[in-house]
Amino acid sequence: AVSRHEYSDPWTGPGERDLTAHVDFAALGEAARREGVRVYGPVPQGAWLAAMGLDLRARALARSAPERSDEIDAARARLADPDQMGDLFKAMAFVSRDWPEPAGFA
């Protein structure tokens, strides 16, 4: 678990910590496909967030709160830039056969 950019006890403050894990995306995707689930990804978090409109949203927030524009840009960079969380973390979607393609994976 991580809290305030430091390791923390995952059993303290449930819901208030970020939990991370190493995931075997290939095995997870193959297991889902065997059950008839459509799988999208994994894609880098930064690319997925960009496809979901992160940059547009960050600009809109900065326009509405110009005094926080540096903070907003730093948060956007932390989530999406390749040298931060953008390439390290991944996004994957599991979709029923009858559902449309999920946003951000095209």
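This briefing covers a pocket, a helix pair and two backbone features. The structure is a predicted model, in which local features need pLDDT of at least 70 and side-chain atom pairs count only at pLDDT 80 or more, while totals for chains, interfaces and linings use all residues. Residues are numbered from 1 along each chain as its sequence is written, and side-chain values use heavy atoms, with hydrogens and water left out.

**Pocket**
- The largest pocket (an open set of points on a 1 Å grid over the protein atoms alone, where a 1.4 Å probe fits, with protein on both sides within 12 Å along at least five of seven lines) has a volume of about 740 Å³, a volume being the space filled by probe spheres set on the points.
- Its lining, meaning residues with an atom within 4 Å of a point, comprises 19 residues, of which Val2, Thr20, Met85, Leu88 and Phe89 lie nearest the centre.

**Helix pair**
- Helix H3 (residues 54–64) packs against helix H4 (residues 69–80) at an angle of about 165°, with their axes 9 Å apart; helices here are DSSP runs of H or I with at least four residues, and strands are E runs of at least two.
- Angles run from 0 to 180 degrees between N-to-C directions, and H3 is therefore roughly antiparallel to H4, a term for angles over 145 degrees.
- In contact (heavy atoms within 4.5 Å), Leu54, Asp55, Ala58, Leu61 and Ala62 of H3 meet Ser69, Ile72, Arg76 and Ala80 of H4.

**Backbone**
- The peptide bond from Gly41 to Pro42 is cis, with omega near 10°, and Pro42 lies in strand E3 (residues 38–44).
- Arg4, in the loop between strand E1 (2–3) and strand E2 (6–7), has a phi near 55°, a positive value in a residue other than glycine.

Technical notes: Parallel < 35°, antiparallel > 145°, perpendicular 65-115°, else oblique.
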